[in-house]
Amino acid sequence: GKKSEKIIKSVQNKLLLIYSILILVITALLSFAFLDKSSSAIKNNAAGLVATDSEQLQININSYFEKVESTTALLFSDEDYYKYDKTSDKYDEYTKLQYEEAIENKIVDLGIMENFSDFGIVYSDNSNVGWISNTTKSLFESENMYEEIVKNITNTKKDNGWFYGVNGNFDRLYYAKRINPNAVAIASFYSRELASLFIFPDELEGMVIRLVSSDGDILYSTDKNEIGEKIDNEYSSFIKGTSRIILVDNDKIVNSDPCNNNWYVITTIPADIVLTELDELRIFTFTIALIVVGFSIIAGTILFIKIIKIVVIFF
């Protein structure tokens, strides 16, 4: 009778509700699992791309620095250049002029094709040969220029050193190499020269590339506002050691590669930039999920109604 029909309808509605909830839950779980897996895959692929690009940047910068070092090392091609001591009393004025003219010509020959802003030799009496710009002379204390340069020769094996931030100026990066006990060669270039090396693929649009010293000073950055600043404390672990460090988290992807002179190439890219394509995938996934849920509920409802009718007729 009517009571039986009411009971059957109630059971039918409950079963349909349970079925619909199960379909929703299962579809949602599968969708979120798929998106989570996709997010990890996209991040890992992006991390691989960032690491590859960072490694290439490191190679380019090392090559640039090696070119500066090898150009300076050519001053050792003739002992007349590296043994000459302008402060010595053993040379008369005429002999000094001859030596210095030869050294000057050699320096011009070596440096003419390079974008050096300084390239010359400074002697212990603070005199110099070659081209030492007025800017550099003003940044150093002229009466102590030799001593200030020597302080930055920190590599005792190679008798050389890279330094920066002279008198707080980050426009130029300097390289010094000892020539003899009373002379050092110095070369410098504008840090903006590195702009031609700090390039990245279109897929990594939004990435920030930095050249950072082991003391955490930002020597150059694609974000010009950072140059001369200290890198955030959260990156302190990225400027230690001689191995690559890479971090992938929910906020960003960070990669650090050490250069040959103990400086570091650090690249960072926000995760939301990398995961832009995940937004499109998310919309697509949820659209398909809604279609599947809708179709499943409609098909299930029709099937349940038919099964209930058959059960009623049978009993």
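**Entry 1. The chain as a whole**

I began with the contacts in the protein chain between residues at least 6 apart in sequence, and found that 56% of them join residues at least 24 apart. I note here that the model is a predicted one, and I read every entry below with that in mind. For the secondary structure of the protein chain I looked up the totals, which come to seven helices and 10 strands. I then turned to burial, where I found that buried residues make up 43% of the 315 residues in the protein chain.

**Entry 2. Residues far apart in sequence**

I looked up Ile288, which is found in helix H7, residues 276-314, and asked how far its C-alpha atom lies from that of Thr27. The two C-alpha atoms are separated by 9.9 Å, although Ile288 and Thr27 are 261 residues apart along the chain. Ile288 has a relative accessibility of 38%, so I entered it as partly exposed.

I made a similar check on Asn250, whose place is in the loop between strand S8 (245-248) and S9. The C-alpha atoms of Asn250 and Ala271 are 6.4 Å apart, with these positions 21 residues apart along the chain. Asn250 itself is exposed, and I noted a relative accessible area of 67% for it.

**Entry 3. Thr72 and its surroundings**

Thr72 has its place in helix H1, and with a relative accessible area of 1% it is buried. Which residues is Thr72 in contact with, once its neighbours within four places in sequence are left aside? I found Phe119, Tyr175, Lys177, Ala185 and Ala187. I marked Phe119 for the next entry, as this residue is also part of an aromatic pair.

**Entry 4. Aromatic pairs and the cluster**

I counted the aromatic pairs and arrived at 21. I took the pair of Tyr84 and Tyr123 for a closer look: the ring centres are 6.0 Å apart and the planes stand at 80°, and since planes over 60 degrees apart count as edge-to-face, I entered the pair as edge-to-face. Tyr84 lies in the loop between helix H2 (79-83) and helix H3 (93-111), while Tyr123 belongs to strand S1 (residues 118-123), so this pair ties together parts that are 39 residues apart in sequence. Are the two tyrosines, Tyr84 and Tyr123, buried or exposed? Tyr84 is buried at a relative accessible area of 1%, and Tyr123 is buried as well, at 0% relative accessibility.

I then looked at Phe116 and Phe119, whose ring centres are 5.1 Å apart and whose planes are at 45°, so I entered this pair as tilted. Both of these phenylalanines, Phe116 and Phe119, are buried.

Beyond single pairs, I traced one aromatic cluster, formed by Tyr64, Phe65, Trp162, Tyr164, Phe170, Tyr175, Phe189 and Trp263. Tyr175 of this cluster is also one of the residues in contact with Thr72.

**Entry 5. Charges over rings**

I looked for charged ends placed over aromatic rings, and noted Arg192, which lies over the face of Tyr190 at 4.1 Å from the ring centre. I noted likewise that the charged end of Arg210 sits over the ring of Tyr235, 5.6 Å from its centre.

**Entry 6. Positive phi values**

Most residues other than glycine have a negative phi, so I wrote down the exceptions that I came across. Asn167 has a phi near 55°, a positive value in a residue other than glycine. Asn167 lies in the loop between S3 and strand S4 (169-180), and its relative accessibility of 62% counts as exposed. Asn262, again not a glycine, has a positive phi of about 70°. I located Asn262 in the loop between strand S9 (252-258) and strand S10 (264-270), where it is partly exposed, with a relative accessible area of 48%.

**Entry 7. The largest pocket**

How much space lies in the largest pocket? I noted about 470 Å³. The lining consists of 20 residues, and those nearest the centre are Thr154, Gly161, Trp162, Asn261 and Asn262. The elements that give two or more residues to this lining are helix H1 (2-73) and strand S3 (160-166), and the largest share, five residues, comes from S3. By class, I entered five nonpolar, 11 polar and four charged residues in the lining.

Two names here recur from earlier entries: Trp162 is part of the aromatic cluster, and Asn262 is a residue with a positive phi.

How values were computed
Residues numbered from 1 in each chain as written. Predicted model: local features only at pLDDT ≥ 70, side-chain atom pairs only at ≥ 80, totals over all residues. Heavy atoms only, no water. 1 Å grid on protein atoms, 1.4 Å probe; cavity = no way out; pocket = protein on both sides within 12 Å on 5 of 7 lines; lining within 4 Å. Points joined across faces, edges and corners; volume = space filled by probe spheres on them. Helix = DSSP H or I, 4+ residues; strand = E, 2+ residues; numbered from the N terminus. Nonpolar A, V, L, I, M, F, W, Y, C, P; charged D, E, K, R; others polar. Phe/Tyr/Trp six-rings, centres within 6.5 Å; stacked < 30°, edge-to-face > 60°. Buried < 20%, exposed > 50% of the residue type's maximum accessible area, 1.4 Å probe, protein only. Lys NZ or Arg CZ within 6 Å of the ring centre and 35° of its normal. Contact = heavy atoms within 4.5 Å.
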